[in-house]
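Let's take a walk through this one together, from the whole chain down to a handful of single residues. Have the viewer open and follow along.

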Amino acid sequence: MASPIDRPTFRTRILLNHLLLNPDQTLPPLAPSPCLNYSPPELSNSFRFDTREMRKLSDGHHVADRDWLFGLMTQSKLFCPRERGAGRVFVGPDYNQSMEQQREMTLRRIEYLLGRGVFEGWLTGKGPEAELRKLAFLEVMGIFDHSLAIKLGVHFFLWGGAIQFFGTKHHHEKWLRDSEHYVVKGCFSMTELGHGSNVRGIETVTIYDSSTGEFVINTPCESAQKYWIGGAANHATHTIVFSQLNIDGTNHGVHAFIAQIRDANGNVCPNIRIADCGHKIGLNGVDNGRIWFDNVRIPRENLLNSVANVSPDGQYLSAIKNPDQRFAAFMAPLTSGRVTIACSAIYTSKIGLAIAIRYSLSRQAFSVTPNGPEVLLLDYPSHQRRLLPLLAKTYAMSFAANYLKTIYVTRTPESNKTIHVVSSAFKATLTWHNMRTLQECREACGGQGVKTENRVGHLKGEFDVQSTFEGDNNVLMQQVSKALLAEYMAAQKRNRPFKGLGLEHMNKSCPVIPSQLTNSTLRSIQFQTDIFCLRERDLLNRFAAEVSAHEAQGQSKEYAFILSYQLAEDLGKAFSERSIFQTFIEAEAALSSGSLKDILGLVRTMYALISLEEDASFLRYGYLSPDNAAAVRKEVAKLCSELRPHALALVSSFGIPDAFLSPIAYNWIEANSWFSVQK
């Protein structure tokens, strides 16, 4: 308008124009606004490093095998291919199906993969190469559907793994090949209604009947019912039963037994009762069940006896006389579950970040100049700050997951303690990170993040359970701190240097952090290493001192540890983050100079500094002054702007095929068009 007018007068004139037959032509018509067009982010984001080489580094192993399996799944209608937009096809479970239908589809997918040789060697193969290939395939299946990966994980890693590690030659010969061919469908009955993390407290009781040469398994009370047993509700034919072994009134602790729960026709066996756990917030393609044993008789040979045995006349035999050490020997092989969960969590974070970052590189919102173009979401510093630190953490944790797999598949009896501690720390840290990442990615996608087909929001419900099963995360982190305390006390008592668990830095002089942190200092590997080691070193000293102080006041060792839980939590986090950082340094050091190493240097620095910014320990215990903490925060913002041009390349390096992401990662306008609805 030529001259300004007050708002009430302007609104009155607008209303009059609606009412009068001859509208006032002096008001300017509304200018037409051009419709939004989707622009692929690849058109404006160049790749400044080799994404194929970055993927090899991130995946760590069996890239070609992974791609073969991705392709195999996209070829079958069992994986629910659907077209969204002009010719772009996505695969993913149909979550509109009932719980019963989802379970049936999970089984049919397993049978499809079985028929194409995917599981060949999963239980009969030998050596690290066979195990790494199995882990790679499980990760790919988890990218498609968590239920598929979990049902297979229970059967192959828990049921099959228990027979491999707890059993002896005759168990292997009788059970492994049929299990690999899915003739025998196994499950794993450890958790009870009344006992989850505290396995030693389980209440199922098994006695030995020497007159018949049989064990008798019984559920003595309702709290002893086996609970959350994956595969038990519908499909499993056999289970590993964890039970107290009582012989002639003497309890020998927890042991593992093989019991049949269904016949070949799927009928529940005599003296077995099975109930469904019901609908869950996720994983409804897994048939979790509850099991009661009513004096179920099994042959003596069904005791998995690599650790302990019972003779035909009822004599208890074990080379490990100490009950605590015997229980530890039973638990040691079960780290496979924590390994697979930790790795799965990182691949799920990759899905969320790939979708959210691709969307933010094509979705615009608001303009920053009058009548100017709208701005891409990822060009807002605040949006960068939400997603790019999580991207850096995901890369760091990918290297950590690869390290965990390596020490697992090359394990020896001497390395069991290290694997237990590292897998506990990484399982907790990586699954917590996954849930935080999915939540941030869901919010970063706005309303589109709520749609199930866009995956990110739904994945939260699917993966929430990861913080609980195979060990509650908080309990696992306490176990980590307890193990570190034991190492500390042993080193002090024997006056010997630290060895193992990455604690060798404790043998050196205490790092000194500069009083003023410059840009170059913050980005140096030496500073980053020093600050992580300083935190872990100091917290371990503080934790040991606090536990000792409580003991000096008359508290038991166990209760002294419980009272020191806050330092235990801080120490567990410090150990985990320092260990993850170390795996990043090792991955980076293996590269020759070039663009790949340069970008990893940025990502590693982002991981280090965001860890410093987010953990109050650095300020609480004085490792960083307030001024230095402010310098860290400022540097994180700079790193966000420096990583922004590489964001697309970094998520493309995940190597997740388009079909396994979601419509909003690509042409979200076309995917939501009326034409798409009509199709």
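**A walk through the chain**

Start with charge: the chain carries 71 positive and 66 negative charges, and their mean positions lie 2 Å apart. Keep in mind that what you're looking at is a predicted model. As for confidence, the mean pLDDT of the chain is 93, and 95% of its residues reach 70 or more. One stretch to treat with care is residues 27-31, where pLDDT stays under 50. For that stretch, the model has six contacts beyond four places in sequence.

Now zoom out to the overall build. You'll find 23 helices and 15 strands in the chain. Its radius of gyration is 29 Å, close to the 26 Å that the globule rule gives for 679 residues, so the chain is as compact as a globular protein of that length. If you lay the C-alpha trace along its principal axes, it spans about 105 × 65 × 50 Å.

What about inside and outside? Of the 679 residues, 55% are buried. The chain exposes about 29800 Å², with carbon and sulfur atoms supplying 53% of that area. Take the contacts between residues at least 6 apart in sequence, and 74% of them join residues at least 24 apart.

With that picture in mind, let's visit some individual spots. Asp-145 sits in the loop between helix H5 (128-144) and helix H6 (146-166). Is Asp-145 buried or exposed? Its relative accessible area is 4%, so Asp-145 is buried, the cut-off being under 20%. Leaving out neighbours within four places in sequence, Asp-145 is in contact with Pro-93, Tyr-95, Thr-106, Arg-109 and Glu-462. Glu-462 is worth a second look, since this partner is 317 residues away from Asp-145 in sequence, yet their C-alpha atoms are 8.8 Å apart in space.

Next stop is Thr-335, in helix H9, which runs over residues 335-360. Thr-335 has a relative accessibility of 2%, so this residue counts as buried too. Which residues does Thr-335 touch, not counting those up to four places away in sequence? They are Tyr-408, Ile-419, His-420 and Ser-423.

Two loop residues further along deserve a look at their backbone angles. As background, most residues other than glycine have a negative phi. Arg-455 has a positive phi of about 75 degrees, although it isn't a glycine. You'll find Arg-455 in the loop between helix H11 (416-444) and helix H12 (456-463). With a relative accessible area of 10%, Arg-455 is buried.

The other one is Glu-470, again not a glycine, with a positive phi near 60 degrees. Glu-470 belongs to the loop between H12 and helix H13 (473-494). Where Arg-455 is buried, Glu-470 is partly exposed, at 27% relative accessible area.

For a residue out on the surface, go to Glu-558 in helix H16 (residues 557-563). Its relative accessible area is 55%, which is over the 50% cut-off, so Glu-558 counts as exposed. To place Glu-558 against another part of the chain, try Lys-482: the two are 76 residues apart in sequence, and 10.0 Å separates them in space, C-alpha to C-alpha.

We'll finish inside again, at Leu-609 in helix H18 (residues 595-614). How is Leu-609 placed, buried or exposed? With 0% relative accessible area, Leu-609 is buried. Leaving aside neighbours within four places in sequence, Leu-609 is in contact with Leu-522, Phe-527, Val-632, Glu-635, Val-636 and Leu-639. Another useful marker here is Arg-633, 24 residues from Leu-609 along the chain, with 7.8 Å between the two C-alpha atoms.

How values were computed
Residues are numbered from 1 along each chain as its sequence is written. This is a predicted model: local features need pLDDT of at least 70, side-chain atom pairs count only at pLDDT 80 or more; totals for chains, interfaces and linings use all residues. Side-chain values use heavy atoms; hydrogens and water are left out. Helices (H or I, at least four residues) and strands (E, at least two) are DSSP runs, numbered from the N terminus. The radius of gyration is taken over C-alpha atoms; the globule rule is 2.2 Å times the number of residues to the power 0.38. Buried means under 20% relative accessible area, exposed over 50%, partly exposed in between (1.4 Å probe, protein chains only). Contact means heavy atoms within 4.5 Å. Accessible areas come from the Shrake-Rupley method with a 1.4 Å probe; for residues, only the protein chains shown count as cover. Lys and Arg count as positive and Asp and Glu as negative; His and the chain ends are not counted. The place of a charge is taken as NZ of Lys, CZ of Arg, CG of Asp or CD of Glu. pLDDT is the predictor's confidence in each residue, from 0 to 100.
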